[in-house]
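Where does this protein leave empty space, and what fills it? Let us walk through the pockets, the ligand and the cavities in turn.

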Amino acid sequence: MISAERIPNNVDLHMNKRLQRALEHWQPQYIQWWKDMGPQGFQHYHQVYVRTAVSVDASGWAHFEYVRLPEYRWGIFLADPVVNRTIGFGDFLGQPVWQEVPGEFRNQLRRLIVTQGDTEPASVEQQRWLGHRCPSIYDLRNLFQVNVEEGRHLWAMVYLLHSYFGRDGRDEAEELLARQSGNRDKPRILEAFNEPIDTWLDFFMFTMFTDRDGKSQLLSLSESSLDPLSRTTRFMLTEEAHHMFVGETGVARIIERTAQLMKEAGFSEDIRPLGGIDLPTLQKHINLWFSLSLDLHGNEISTNAAAYFANGLKGRAEEAKWEDHAVSETTYSLEVVRDGEVKTLDIPMRNAMNEVLRDWYVGDCQAGVDRWNKILERHGLSDRLRLPDRKFNRGIGQFAGTHFDPEGRMLSDEEWTRRRHEWLPVPADKAFLMSIMNEPIYETGKFANYIAPPVRGVKGKPVNFEYVRTEV
Ligand code: BYC
């Protein structure tokens with residue numbers, strides 16, 4: 001069970017007074033950050049119906065209550081240990097997992113944990129104005145549930161930094177609150193986490209595609225030889241699943257409404273005059289957030305990734321499903337740009353580990369897009385949404401600096417500049433989205449015109465339940 005101390009935890013924090021004191025010192029800084037950079041305008045007078053972990057087993061998520069956001073019980077929860085767990089891949093395959101950080105891997109592990117940790121507060125910052133444009137209080141609650149859990153994911157990484165990295169770890173924990181999404185002088189580490197999320201379409205696409213990168217990265221970190229990292233990320237994955245649910249069903253509900261409006265408009269695609277989000281706009285946002293999230297997997301050819309794998313720090317998603325866990329002989333056939341052309345290159349598999357994870361990620365995204373297309377099919381529409389080619393709009397890796405269209409055809413700089421507005425959102429698209437999201441909807445059971453209601457409410461509550469209530 002999770003303790004009811006000042007910092008809820010299932011790691012016997014009270015037994016380690018030094019660590020407890022260090023985290024209790026960080027806690028007020030975190031709360032201050034939350035108030036300054038978290039959901040704006042919803043800190044004092046709103047109570048939100050959220051779930052809070054009360055234990056780390058499946059039933060632990062059954063606890064829902066009204067909470068004022070700054071009073072959410074952020075804490076430290078690790079999945080139960082696996083008895084006699086051994087290292088599952090790389091050069092130390094079969095040896096017992098580590099309970100402490102080996103000196104020689106300290107820097108690499110710190111870097112991984114800091115990079116993971118940095119994304120969590122970044123996403124809260126990116127989303128902090130969305131409450132003022134919410135399509136319903138059901139969606140408002142979901143936004144805040146995602147936000148508080150991203151805050152908790154920051155706690156998860158800060159616990160590791162404080163526990164295993166001494167003074168450096170404490171400094172890094174402070175830096176995690178000092179960097180800011182989109183700040184020119186102190187930006188967040190990874191690019192997608194500096195992009196603004198101004199509209200609910202961006203929010204749903206972000207939770208669909210970027211949180212799914214969270215899933216693939218957390219799956220690969222949950223294989224880590226550093227057992228506390230593995231246990232922490234295993235529990236985080238249970239929270240991540242809900243975030244992707246919010247994204248996938250959010251877009252699905254928009255598609256549902258779009259299809260209804262298209263039929264009302266006599267099967268016309270032009271539903272903006274009816275206040276709906278047209279399919280080309282949806283497709284542009286898929287193109288944007290999918291390509292940004294592909295970048296988050298790092299370079300296709302990476303000595304960092306090879307070292308992480310060799311040292312057992314970061315594995316593949318679902319490592320147990322692979323046959324060869326040493327991966328010292330095999331190669332990966334990779335598309336690269338050489339001399340202005342796309343060529344295929346065989347590289348050592350360990351150096352391609354970022355691409356191997358990206359393969360898993362693309363498959364998981366495709367399954368989600370297939371589910372979206374079923375909605376269009378059910379409405380008798382022939383249009384289909386799709387993922388762009390993975391070379392499209394890339395800023396990191398082998399395809400950065402060369403332009404491709406969504407089908408993967410190489411383009412000249414001039415052609416890209418001329419046509420990119422066909423594939424990516426432009427200011428006029430954002431202006432349109434902002435115009436239909438201008439008025440927040442705070443009335444219970446009401447939904448904005450561009451999105452269908454959900455099939456069911458949260459945790460058995462009706463759709464018109466008061467998920468966020470105000471008190472004076
Ligand atoms: N933007 O060999 P390379 C989540 C840097 S999302 C900017 O390509 P590596 C969440 C890289 O740092 C999951 N810089 O990359 C979702 C390196 O820099 P230095 C987050 C980038 O290291 C939604 C250089 O390029 N978790 O949880 O193999 C809401 C060359 O490195 C980018 C993780 O990322 C980029 N996109 O792989 C909330 C897991 N990509 O050292 C949360 C931990 C690369 O040369 N991170 N660079 O200065 C990692 O495993 C790796 O750092 C990466 C990069 C996969 C990100």
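The largest pocket of this predicted model holds about 720 Å³ of space. Its lining counts 34 residues, and those closest to the centre are Thr115, Leu190, Gln217, Leu296 and Gly298. Four elements give two or more residues each to this lining: α2 (106–126), α5 (200–221), α7 (279–295) and α8 (303–310). By class, the lining of the largest pocket divides into 12 nonpolar, 13 polar and nine charged residues.

What takes up this space? The ligand does: the space it takes is the largest pocket. Three elements give two or more residues to the shell around the ligand, namely α2, α5 and α8. Of the elements, α2 gives the most to that shell, with seven residues. These three helices also appear among the elements that line the largest pocket.

Now look at the residues around the ligand. There are 29 of them, and the closest are Arg111, Gln116, Asn299, Ser302 and Lys314. The shell is made up of eight nonpolar, 13 polar and eight charged residues.

Which atoms of the protein come up to the polar atoms of the ligand? Start with Ser302, one of the closest residues. A polar atom of its side chain lies 2.6 Å from an oxygen atom of the ligand. Glu191 takes part through its backbone: an N or O atom there is 3.2 Å from a nitrogen atom of the ligand. Thr119 uses its side chain, where an N or O atom lies 3.5 Å from an oxygen atom of the ligand. Then consider the surface. Taken alone, the ligand exposes 1,100 Å², and the protein buries 81% of that.

Move on to the second largest pocket. About 440 Å³ of space lies there. The lining has 21 residues, and Tyr138, Phe245, Thr249, Pro454 and Arg456 lie nearest the centre. Two elements give two or more residues to this lining: α3 (137–164) and α6 (227–264). The most comes from α6, with six residues. By class, the lining of the second largest pocket has 10 nonpolar, five polar and six charged residues.

Closed spaces come next. Rolling a probe the size of a water molecule over the atoms shows where empty space is left. How many cavities of 30 Å³ or more are there? The count comes to two.

The largest cavity has a volume of about 70 Å³. Its lining consists of Ser220, Ala305, Tyr308, Phe309, Lys314, Gly315, Met353, Asn354 and Leu357. Here α8 and α9 (353–378) each supply at least two residues. Five of the lining residues are nonpolar, three are polar and one is charged. Lys314 links two parts of this tour. This residue lines the largest cavity, and Lys314 is also among the residues closest to the ligand.

The second largest cavity contains about 30 Å³ of space. Around it stand Ser136, Ile137, Tyr138, Thr444, Gly445, Lys446, Phe447, Val463, Asn464, Phe465 and Tyr467. This lining has six nonpolar, four polar and one charged residues. Tyr138 is a name to keep in view. Tyr138 lines the second largest cavity, and Tyr138 is also one of the residues nearest the centre of the second largest pocket.

Terms used:
Residues are numbered from 1 along each chain as its sequence is written. This is a predicted model: local features need pLDDT of at least 70, side-chain atom pairs count only at pLDDT 80 or more; totals for chains, interfaces and linings use all residues. Side-chain values use heavy atoms; hydrogens and water are left out. On a 1 Å grid over the protein atoms alone, a cavity is a set of points where a 1.4 Å probe fits but cannot get out, and a pocket is an open set with protein on both sides within 12 Å along at least five of seven lines; lining residues have an atom within 4 Å of a point. Grid points are joined across faces, edges and corners, and a volume is the space filled by probe spheres set on the points. Ala, Val, Leu, Ile, Met, Phe, Trp, Tyr, Cys and Pro count as nonpolar, Asp, Glu, Lys and Arg as charged, and the others, Gly among them, as polar. A residue is near a molecule or strand if one of its heavy atoms lies within 4 Å of it. A polar contact is a pair of N or O atoms within 3.5 Å; within protein, one must be able to donate a hydrogen and the other to accept it, and residues adjacent in sequence count only if both atoms are side-chain atoms. Accessible areas come from the Shrake-Rupley method with a 1.4 Å probe; for residues, only the protein chains shown count as cover. A molecule sits in a cavity or pocket if more than half of its atoms lie within 2 Å of its grid points.
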